[in-house]
Amino acid sequence: MLKINTQNTQSFFSQEEYKQMTINALNAHIQLTSKNGKGSEFLGWLDLPIQLTTEFLQKIKSSAHHLASVSEIIVVTGIGGSYLGARAVIEALGNNLLYLQDTKKRPLVIYAGHNISEDYLSDLLQLLDQKDYSVVIISKSGTTTEPALAFRILKAHCEKKYGKTAAASRIIAITDEEKGALLSLSKSEGYPTYVIPDDVGGRFSVLTPVGLLPIAAAGFDIDALVKGAQDMRELCFNTSSVEKNAAMQYAIVRNLLYQKGFNTEILANYQPTLVYFSEWWKQLYGESEGKENKGIFPASVTFSSDLHSMGQYIQQGERHLFETMLWVDKSNTKVAIPHDVNNIDGLNFLADKSIHEINKNAFLGTTLAHVDGGVPVIHLTIPQLSAYYIGQLIYFYEFACALSGYMIDVNPFDQPGVEEYKKNMFALLGKPGYEELNAELTNRLK
């Protein structure tokens, strides 16, 4: 089971302060589990793990098998929560050199619609010219700019390559159940569809078809992923004892540190395959808490790589940050250090030790160094990188995020600020109805 250790934060606040924050957390827990807090209309994720039926998961797996059977590459087209959750899991569970995998044995999942780079799309199209592929388009409305642009281009390419009828069998849409441009297009073109539930926001959507279909198509065990989330839900949802509820402990400590002026949280991992898990976490917390001039800024690093760059700032820079170190207790493989007769590098003292053992001592040594440098450190540990434990981790972070949002009295489930850049972009591009704003912005840019 996932474990939390907050020992290396306790010198930064008093026990009385901890007790007061515990009361705040218990109130937040009641709000969340009784579903009467801010944004309660978007709490569908809360019960997802226990609502996903065997039949529904089998349907997802059947669609995934079809995509895998006709594709060397599957292009997941979406932005934000519409692709980050799937990518986080696929990369966490995949080979570190995933891009070199044999696509005849297992399709390679790549991504589009998450940027507006012409060069990226050009490179993608050149690759798709040479490979059999399919597309999973994920958008509730079908009009979100980045994925809509990418899908228009991919749809045209797919139809040109395979013909209109065959192309339709290679495209699956995940969208709104009743309305929207993508749903209308899917009906007219005959695309198979899955539903994004109305009560689940994008950043909480990993355990909907948004995440499950790409993860299954990539060849990973969605049954185990869901089981991990189910077991973590049992702990988070039904346990109001702080001592037994890791999500509540995490929410309490990070908000105590926030009160003390530690307004930046760095998620540090020690496995390169967790880079995109960190990206998913950053969206989850940044978009949920960052509003009303409140919220802890989420950042991330990968150790030991970043100990040789950002490690300097963490050790001796401004003391406004704390770390949550995510540790995987057991590696899935073993590589031992060989003995060298000449010992020119002086590393024979490590002979026969595994790389993971060395990494663990880097983790422990870094913890001590950063604590000595005035950085509070939270430890989160999962037993190993597997679908089951990633499922636990996903639900743990979602639940703790909702608690934290309620504890700082914001709605953790909306994102009003996301729309601001879009208005300006549409106006500058000359979208009808934005003429007045176009004139204002054009004048400002002179």
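For the charges in this tour, Lys and Arg count as positive and Asp and Glu as negative, while His and the chain ends are not counted. The place of a charge is taken as NZ of Lys, CZ of Arg, CG of Asp or CD of Glu. The model is a predicted one, in which local features need pLDDT of at least 70 and side-chain atom pairs count only at pLDDT 80 or more, whereas totals for chains, interfaces and linings use all residues. Residues are numbered from 1 along each chain as its sequence is written, and side-chain values use heavy atoms, with hydrogens and water left out.

**The whole protein**

Begin with the complete chain displayed. Its 39 positive and 48 negative charges have mean positions 3 Å apart. The protein contains 17 helices and 10 strands; helices (H or I, at least four residues) and strands (E, at least two) are DSSP runs, numbered from the N terminus. Along the principal axes, the C-alpha trace spans about 60 × 60 × 55 Å.

The radius of gyration of the protein is 23 Å, which agrees with the value near 22 Å for a compact globule of 446 residues. That quantity is taken over C-alpha atoms, and the globule rule is 2.2 Å times the number of residues to the power 0.38.

Of the 446 residues, 51% count as buried; buried means under 20% relative accessible area, exposed over 50%, and partly exposed in between (1.4 Å probe, protein chains only).

**Select S139**

Next, select S139, in the loop between β4 (133–138) and α6 (145–162). S139 counts as buried, because its relative accessibility is 5%. Leaving aside residues up to four places away in sequence, S139 touches T144, I174, T175, D176, L182 and I196; contact here means heavy atoms within 4.5 Å.

**Select K140 and D176**

Now display the side chains of K140 and D176, which meet in a salt bridge (3.1 Å, N to O). K140 lies in the loop between β4 and α6 and D176 in the loop between β5 (171–175) and α8 (181–189), so the pair ties together parts 36 residues apart in sequence. A salt bridge is a side-chain nitrogen of Lys or Arg within 4 Å of a carboxyl oxygen of Asp or Glu.

K140 is partly exposed, with a relative accessible area of 30%, whereas D176 counts as buried at 3% relative accessibility. Add K179 and D198 to the selection: K140, D176, K179 and D198 are linked in a network of salt bridges. The structure as a whole holds 22 salt bridges.

**Select K155 and E159, then K164 and E189**

Continue to helix α6, where K155 and E159 are 4 residues apart and therefore separated by about one helical turn. Their side chains form a salt bridge (3.0 Å, N to O). K155 counts as buried, at 16% relative accessibility.

Proceed to K164 and E189, which form a salt bridge whose closest N and O atoms are 3.1 Å apart. This pair links distant parts of the chain, with K164 in helix α7 (residues 164–168) and E189 in helix α8, 25 residues apart. K164 is partly exposed, with a relative accessible area of 47%.

**Select L347**

Finally, select L347, found in the loop between β9 (321–330) and α14 (355–372). L347 is partly exposed, its relative accessible area being 38%. Add Q312 to this last view: the C-alpha atoms of L347 and Q312 are separated by 25 Å, and the two residues are 35 residues apart along the chain.
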